[in-house]
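Me: Take me through one part of this structure up close, please. Start from a single residue and work outwards from there.

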Amino acid sequence: MIKAILFDLDGTLLDTLPDIRRHLNTALAKYGYPAIDGERTKRCIGDGAEALVQRALPENAEYFDEVFAEFSKLYAENDNSCTRLFDGEKEALKRYLDRGVKIAIVTNKPQDATEGCIKKFFGDVPLSFYSGHSGAFPCKPDPSLALYAALTMRVPVGECAFVGDGETDARTAINAGMFGVSTLWGYRSEEELREAGATRFARSFEELEKILSNA
């Protein structure tokens, strides 16, 4: 029986791509690099801010540190004006909470940006745990932060589900020994997720509920 659900954030609970893209392109432009489109931005998301910037830059780019610092500054101040919840999400979270299931967020997004998103979109949701990348733990797919979340919530690993839209999330679930579900409304295809080891897929929050209810 699943007693806690650990969610990824970008592409899983929030469509953050438009805000990420606009701040990333502003940082790239400041140092003379070309803007990237939405599809390229999708490919860059998933492994933390450093990997995001590295993937967005041309090969052998000279100003990685400067672009990374500029993006980090801009995104920390982000008002999330272009970020959106996914359909059916808040209703599903409420049903989980009403059944006594604990909800956590474990993301590679920088900690300050994570806190901004949670304040704006989940201030009314009694989360049992949340954390972005603060440097205290390695980024996913290292399982350390997910395992720490389970320990903090006092829920056995075998009674935790890890839900996310990326390859890193599928691998995190495997590495942590949690019940993994990959979502298909985010930034990766089913084929890409299968290659990362995913075996369960949800196309909507309603379908996710059905999968978890049978876990």
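Reply: Let's start with S131, which lies in strand 5. A quick note on the ground rules: this is a predicted model, so local features need pLDDT of at least 70 and side-chain atom pairs count only at pLDDT 80 or more, while totals for chains, interfaces and linings use all residues. Residues are numbered from 1 along each chain as its sequence is written, and side-chain values use heavy atoms, with hydrogens and water left out. Strands (E, at least two residues) and helices (H or I, at least four) are DSSP runs, numbered from the N terminus.

S131 has a relative accessible area of 11%, so it is buried (under 20% relative accessible area; exposed is over 50%, partly exposed in between, with a 1.4 Å probe and protein chains only). Leaving aside residues up to four places away in sequence, S131 touches I105, V106, T107, Q111, T114 and L145; a contact means heavy atoms within 4.5 Å.

Follow that list to Q111, which sits in helix 6. Q111 also counts as buried, at 18% relative accessibility. With the same sequence cut-off, Q111 touches Y130, S131, G132, H133 and S134.

Now the sheet itself. It is open, with 6 strands in the order 5-4-1-6-7-8 and parallel pairing; two strands pair if DSSP finds at least two bridges between them. Strand 5 (129-133) is an edge strand, as is strand 8 (201-202), each pairing on one side only. Strand 5 runs parallel to strand 4 (residues 102-110), and 4 bridges join them. In that pairing I105 stands opposite Y130.

What lies across these strands? Helix 6 (residues 111-121) crosses strand 4 and strand 5, at about 135 degrees to strand 4. Helix 7 (residues 144-153) lies across strand 1 (4-7), strand 4, strand 5 and strand 6 (160-164), at about 160 degrees to strand 5. Those angles run from 0 to 180 degrees between N-to-C directions, with axes as lines fitted to C-alpha atoms, for helices over the stretch in contact.

One step further out is helix 4 (residues 64-76). Its buried residues are F64, V67, E70, F71, L74 and Y75. Seen down the axis, they fall within an arc of 135 degrees, so they line one face of helix 4 (the arc is that of the directions from the helix axis to the C-beta atoms). These buried residues pack against strand 4 and helix 6, along with helix 1 (17-30) and helix 3 (49-56).
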